[in-house]
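Visitor: Hello! I have a model open here and would like to walk through it with you.

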Amino acid sequence: IELTWLYLLSQDVLKIPREKSWGKMVKIYEHTYQNGIDWINGGLFVEGEKKGSVTETNKEFWQQAEGMVGFLDAYLMTDDEKYLDAFKNIHDFVFEKMINWEQGEWFALLDQKGNVIWDYMGTSWKTLYHTVRGMCEISNRLRKIIKELKKLDSELYKNNQLYQFAKADLDVLKYEYEKSQFGHGSISDIEAVSYTHLRAHE
């Protein structure tokens with residue numbers, strides 16, 4: 001799953017539309033979603049078959065970091081909330097089990113249920129770019145998601161206001177028609193003129 005978001009990022013740098021490779025990338029996201037997530041204990045398994053189920057059920061630090069970034073990318077590309085569920089699953093596991101809060105660092109390896117296997121904080125292979133870079137990339141994507149949600153809320157509010165304006169105008173026309181035909185409008189139309197129309201065009 002790390003490959004997917006790095007590959008998509010490289011396309012951004014080269015100004016190649018993500019859609020050109022999305023058909024291949026989404027297969028990796030989907031396989032990881034279906035086979036890599038531990039939906040019972042939380043977290044992302046260490047390894048699995050290319051076309052099959054998990055082969056190692058432990059939870060290593062770097063897969064968790066890269067998995068969170070990848071699933072946020074998948075959500076941004078598809079708007080499918082199942083990828084947000086996958087992100088939250090890994091996020092909660094990491095913040096509840098994998099981070100050594102006293103040391104300010106991540107445990108390198110936990111078992112399937114989140115018990116510590118390797119209690120040392122550093123090795124020659126354990127580098128900060130997975131965890132620190134991961135948190136930076138996650139922060140950037142969450143900001144983007146929040147921005148999109150605010151934009152959606154704004155559009156929904158705008159569409160609702162346009163509907164109210166149109167409804168108010170229709171009520172006025174109906175009232176004026178009834179008044180021209182019968183010398184008066186209905187009580188509901190009078191209320192529409194005095195309230196809905198005037199308030200909607202404030």
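What follows is a conversation about this predicted model.

Visitor: Let's begin with the overall layout: how many helices and strands does the chain have?
Guide: Happy to start there. From the N terminus on, the elements run α-α-β-β-β-α-α-β-β-β-β-α-α. In total, the secondary structure comes to six helices and seven strands.

Visitor: What share of the residues counts as buried?
Guide: Burial here means a relative accessible area under 20%. The accessible surface of the chain comes to about 12,900 Å², with 56% of it belonging to carbon and sulfur atoms. Of the 202 residues, the share that counts as buried is 36%.

Visitor: Among contacts between residues at least 6 apart in sequence, what percentage joins residues at least 24 apart?
Guide: One pair gives a nice illustration: Trp-5 and Val-69 are 64 residues apart in sequence, and Trp-5 touches Val-69. For the chain, the percentage of such contacts that join residues at least 24 apart is 52%.

Visitor: Now the interior. Which residues touch the most other members of the largest nonpolar core?
Guide: This core has 32 residues. Helix 1, helix 2 (19–35), helix 3 (61–78), helix 4 (81–98) and helix 5 (128–182) each supply at least two of them. The members that touch the most others are Tyr-29, Phe-71 and Trp-106.

Visitor: Which helix gives the largest share of this core?
Guide: Several helices contribute at least two residues each, among them helix 1 and helix 5. The largest share is eight residues, and these come from helix 3.

Visitor: Is Trp-5 buried or exposed?
Guide: Trp-5 is found in helix 1. Beyond its sequence neighbours up to four places away, Trp-5 touches Tyr-29, Glu-66, Val-69, Gly-70, Asp-73, Arg-133, Glu-137 and Arg-141. Its relative accessibility is 1%, and the cut-off for burial is under 20%, so Trp-5 counts as buried.

Visitor: And which backbone oxygen lies 2.7 Å from a polar atom of the Gln-64 side chain?
Guide: Gln-64 lies in helix 3 and counts as buried, at 0% relative accessibility. Its side chain has a polar atom 3.0 Å from the backbone oxygen of Glu-60. The 2.7 Å distance involves the backbone oxygen of Leu-44.

Visitor: Let's turn to charges. How many salt bridges are there?
Guide: One of them pairs the side chains of Glu-30 and Lys-82, at 2.8 Å from N to O. That pair links distant parts of the chain, with Glu-30 in helix 2 and Lys-82 in helix 4, 52 residues apart. The full count of salt bridges comes to nine.

Visitor: In the salt bridge between Arg-133 and Glu-66, how many residues apart are the partners?
Guide: The two side chains meet at 2.7 Å, N to O. Arg-133 counts as partly exposed at 23% relative accessibility, whereas Glu-66 counts as buried at 1%. The pair links helix 5, where Arg-133 sits, to helix 3, where Glu-66 sits, and the separation is 67 residues.

Visitor: Asp-12 and Arg-18 also meet in a salt bridge. Which of these partners counts as buried?
Guide: Their side chains meet at 2.7 Å, N to O. Asp-12 has 36% relative accessibility and counts as partly exposed. At 15%, the partner that counts as buried is Arg-18.

Visitor: Which residues do salt bridges with shared partners join into one network?
Guide: We have already met the bridge between Asp-12 and Arg-18. Asp-73, Glu-137 and Arg-141 also appeared, as residues that Trp-5 touches. The network is made up of Asp-12, Arg-18, Asp-73, Glu-137 and Arg-141.

Visitor: To finish on the surface, why can Leu-6 belong to a nonpolar patch?
Guide: Leu-6 is found in helix 1 (residues 2–13). The nonpolar surface patch of about 420 Å² is made by Leu-6, Leu-9, Val-13, Leu-14 and Ile-16. Patch residues need over 30% relative accessible area, and Leu-6 qualifies on this point because it is partly exposed, with a relative accessible area of 31%.

Methods. Residues numbered from 1 in each chain as written. Predicted model: local features only at pLDDT ≥ 70, side-chain atom pairs only at ≥ 80, totals over all residues. Heavy atoms only, no water. Patch = residues over 30% accessible without salt bridge, like charges linked within 9 Å, V, L, I, M, F, W, Y side chains within 5 Å. Areas by Shrake-Rupley, 256 points an atom, 1.4 Å probe, with all protein chains shown as cover. Salt bridge = Lys/Arg side-chain N within 4 Å of Asp/Glu carboxyl O. Helix = DSSP H or I, 4+ residues; strand = E, 2+ residues; numbered from the N terminus. Buried < 20%, exposed > 50% of the residue type's maximum accessible area, 1.4 Å probe, protein only. Core = buried A, V, L, I, M, F, W, Y, C linked by side-chain atoms within 4.5 Å. Contact = heavy atoms within 4.5 Å. Polar contact = N/O pair within 3.5 Å; in protein donor to acceptor, adjacent residues only side chain to side chain.
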